[in-house]
Amino acid sequence: MGCSSSSPDTNNNQPVAKKSPKAKSSGSNVGAENETNRKRENNHPELKQEPEIEDVDVPKTEHGYPVAKEPPDRKADIFNPQKLKGVEARARAAPDNLADSYEELIAYLTSECKNDVEKVRALFIWMANQEIDDGNYSNVTGSDTPRGIMKLMKDNRASYSSFFALLCRKAGIQCVIIDGYAKSAGYKVGDSDDDVKKLNNSWNAVYVAGGWRIVFPLWACSAVVGHSTGVYTKVEVKGKAVREKEVESSGKTIKHFNDYYFFTDPEMFIFDAFAKDKRWQLLNRPWDFAKYCDIPYVRRYYFDEKVDIRSKFSGRLVAKDGECHIEISCGDPRGITLDYELYYNHVESGREISSSLQLNNFVFLNRTGSRWDFGIRFPETGVYKLQIVGGKGYEGDMCAFKIRADEVKDDVKPLPFNPGKVGYGPTMDTELAGIKAISHKSGLVKMNIKKHMEFNFKLTKDIVVRTELLHSTISKEELQQYCVTTQRNRNVHVAVNVPEEGEYALALHAQQKNHSDYDNVCNYLLTSETGKKKRQRKWETPQEKKTRRNVTDLSKTRGTKNLSELESEIERFHKLDMEDKGELAKAEDALEYKKDRKELEDAMNRRHLETLEKAIARGEKSRFRDKLTKQLDEAKDIREHLLHLNKIAHDILEMKQPTISELRSYKIPQPIIQDIMRATFLMLGERRADLEDWEDLQVLMGRLGKDSMIRRVKQFDTVSVQSSVQKEVEKMLDEHSEIDARKASAGAGTFYVWLRDVCIALGQQDQHNGTQVTEEGA
C-alpha cells in the first residue's frame, strides 16, 4: 500500500471564527491545566479566531525592541509552573476593582515578582482568570482601562493579543503583536492555500530570559465547542461502522485554559500558526507558506508523545490503487494506545457514501516495535480524512490527513477481524503479556493455501495461550480444524493452513495466572492471492536475486554505515512482492537495531544532554537492548560527564549580571583577574592572540545572547579542549590560589574554581580514555 501527496483539502477540529455565540464560563480557577482538559470528548474544545477589525489602536511593536530571532533555549529551560504557584495564586486573587486602573493592577500583579518570567506569568494568569464574556460593563464609558478593553473584547471589537500587549508594556515587558494565519476551528486538514489565507489571526511574543517567547492569549484563554464544518460523515471508529453525518454548526465559545499556548516553543507553534513576517516565526530556518498549508494537521498530543510521521509528511495524500498507508512512531511506545477515526467528505466527494456499503474493518493497523502502520483500503472513491487519536492514559487528537481516493479495487473486502488498539503484529505489549514472537515479527504474513504456515512463540510468564483463525464470511468454528496450537513448557507452536484463498486473521489470546478471562495480545493478517492469479514460477529474475542477496548481505554488516541502503533494499523486496524465506524478517530486525544504534551514536557525537537522555531512554526500551550495551554504557559515560560539567558550572550559571558587569568595568584590573579571565576564554575556545589586551576580554565579556559568556560556559564541553590549552590553564592555576582570586574579585574567584574543576575533569577524561585503549588492546 502507499499514497502520494496531492494539492489541497479536508476537516479537523480546531479554533473557530470570530463571531461565534458565547457560552458561560467553565469556571475561573485556572492554575496548571486541569486534567479534564486532556480528556477527549465529542465536543472537545477547538481554537478561535481574533477579530480582524478592532476599535483599539495598539502598535504592533515599539522602537528599540530586540531583533526577532529564535530563542536561545526552550520553554522547559525557563518555565517551571511548580515554582510559580505563589505568583499564580496572587494573580487569581486580584480584587475586581483593580481592572479599573492599569497602574494599580500592574503594581499588584508584579510587586512580588522576582523576574520578567514571573511578571508575564502573573499577567497571563490574571487575564485567563477574567470573566470577559460574562462581565458587567454597564458603567464603563471608555477604553482606557483594563475593564474598558474587556468590554470591547466581549463585543468582538478588541483582541486578546492587543490587550495582552497593553498589559505587558504597562509592566515594562517588551511585547509585540504578530499577525498571521492560524488553523482555527474553520480549518480542515488539506485545505487549499487560499482557504488557509482566510484564517487571519494574531498572537504575541514577549522578550524575557534573553529571548522572544510566543504567547497566544486567545487560544490559551478560550475555545469553541460543538463546531462543525458539516462536510464529513464519520465512517469508522476503532473498527466499528458508524455512519454519522455531521451537522454544520458554528459552535459556542467557552472559557477554556490551555497552558500549551504560553511560551510555546517555535518549532512546535509553527504547526499551528504562520506569521506573515517570517522573522516572527522565530525559527533559524523559517517555513514557507506552501509547507505550512501542506503538512498534516498535528495537535499538542503529537508533541507530548514525541510522535514521528515516518511515511510521507503531507496532509494532502492520494491513494494508490485504492489503498494508502500512514506510518508513525512514538518516542516511548510503552503505555501508549493509538487508534483512528475514518471520515468521508460528502461535500468534496460530490455525493453521500453508498448506503449499501459495510463501513467497518477497512483500516489495517499493523504494529512493529514502536511503529504503527495505518493501512486504509477504501471501499468507495471520494475524499476521506484519517484522524489518529491516542496517548498515555487519555485519548487526544494527534494528527490528521486528507486522502483522496480516485479509484478503488474491484470487490474490495473488509478485514476479517479488527483487533482495535492491539493492532496486528507482535508488539512491546505482547512481550509485556508474556509472549515473545520467534518466527514472525511482522503483522502481515503471506501464505500458500497448499502449505502449512508455522508460528513459534516463547513464553516469558506463566500463562495459557488460546488461538483463533478468523475470516469475514467463514465461521471460526469451521476454521478451528485449520489452526492447531501446541504448548509445551514455555514454547508455543501454531500450525495454520487455510481452506481457500482470501484473508484470514490469526488471533492470540493470553490467560494470566489466577485470571479467568483471556486478553487479545497479538494478531496476524494472513493473505493468499485473490482475484487474478499470477502465473507461478519457481525461478527469480536477476533483479530479484540481487535484491535477496543485498538484503541478506546488508543485514549482516556491522555498524550503521549501510542503514539507508538496507532500508532501500527492504522496500524494494516488498515492491517486488518476493517470497520471504526468512531473510526479510532478519533484515527488518537488523534495520530496527541499526536505527536504534545510530540514534545513540548520533547523540553521543552531538554531545547534547537532552538529546542524549532521550536516546538512552529509547535504547533502554529497545528490543535490542542487550546488543546495544556498549553504546548505552558509552552514552551514559558521556551523559555523566556532561552532567558533571553542568554541576561544576553551577556557580557561574547562578552568577548575577552585576558581578559580570563589575569584572568588565575594571579599567586596569589586577593581574590575577586578567590571567583568570584570559584562561577562561582560552578554555572556551578563543585564540591566544585575541586575548592579549584587557580591552579584548572586556569585549568578550560584554557579548549577549548565544555569544554571552554565561551561555558559552553552559554549553562548554571538554571534548574540544586542546592539550596545549589545558597545560596553559593549569600553569595559571599553579601561579595563583583560590584565596587570592576571591580576594581580588568574587567573580574572578568563581571562574578560578570552574577552571580548576574543568582541568580535573580533563585529567579524568584522559585517564578514562587511556583505560579504554588498554582494554581494547588487551
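Strands 6 and 7 (the latter residues 240-245) pair in the antiparallel sense over four bridges. The model in which this pairing is found is predicted. Across the pairing, lysine 234 stands opposite glutamate 244 of strand 7. Strand 6 also has a partner in strand 15 (residues 336-345), to which five bridges join it in an antiparallel arrangement. In strand 15, the residue opposite lysine 234 is tyrosine 343. Strand 6 itself spans residues 232-237 and is mostly covered, with six of its six residues buried.

Two nonpolar cores are described here. The largest has 121 residues, and those with the most contacts inside it are Trp126, Phe164, Val206, Phe263, Phe374 and Ile403. Helix 4 (residues 116-129) supplies the largest share of this core, nine residues. Apart from this core lies another, of 53 residues, which includes Ile652, Met677, Val721 and Phe751. When residues up to four places away in sequence are not counted, isoleucine 403 touches Leu317, Ala319, Cys324, Ile326, Ile376, Phe378, Gly382, Val383, Tyr384 and Leu386.

Two open sheets were examined further along the chain. One has four strands in the order 20-22-25-24, and its pairing is antiparallel. Its edges are formed by strand 20 (435-437) and strand 24 (483-488), each of which pairs on one side only. On average, and with direction ignored, neighbouring strands of this sheet are turned by 25° against each other. At one edge, strand 24 is joined to strand 25 (residues 491-496) by six bridges, and the two run antiparallel. Within this pairing threonine 486 stands opposite histidine 493 of strand 25.

The other open sheet also consists of four strands, in the order 21-27-26-23, but its pairing is mixed. Strand 21 and strand 23 (463-470) are the edge strands, each pairing on one side only. The average turn between neighbouring strands of this sheet, direction ignored, is 25°. Strand 23 pairs with strand 26 (residues 503-512) in the antiparallel sense over eight bridges. Valine 465 stands opposite alanine 510, which lies in strand 26. In a regular strand the side chains alternate between the two faces of the sheet.

At the other edge of this sheet, strand 21 (residues 444-446) contains lysine 446. Lysine 446 counts as partly exposed because its relative accessibility is 48%, between the limits of 20% and 50%. Leucine 526 is 80 residues from lysine 446 in sequence, yet the two are 5.7 Å apart in space, C-alpha to C-alpha. The contacts of lysine 446, not counting residues up to four places away in sequence, are Met453, Thr527 and Asp577.

Helix 17 covers residues 583-606 and has 24 residues, which should span 34 Å at 1.5 Å a residue. The C-alpha atoms at its ends are 34 Å apart, so the span agrees with the expected value. Arginine 607 follows helix 17 and has a positive phi, near 55°.

The structure holds zero disulfides. Two cysteines were considered individually. Cysteine 399 has a relative accessibility of 0% and therefore counts as buried. Cysteine 759 has a relative accessible area of 7%; this value is under 20%, so cysteine 759 is buried as well.

Methods
Residues numbered from 1 in each chain as written. Predicted model: local features only at pLDDT ≥ 70, side-chain atom pairs only at ≥ 80, totals over all residues. Heavy atoms only, no water. Disulfide = S-S within 2.5 Å. Buried < 20%, exposed > 50% of the residue type's maximum accessible area, 1.4 Å probe, protein only. Pairing = 2+ DSSP bridges. Expected span 1.5 Å × (residues − 1). Core = buried A, V, L, I, M, F, W, Y, C linked by side-chain atoms within 4.5 Å. Contact = heavy atoms within 4.5 Å. Axes fitted to C-alpha atoms, helices over the stretch in contact; angles between N-to-C directions.
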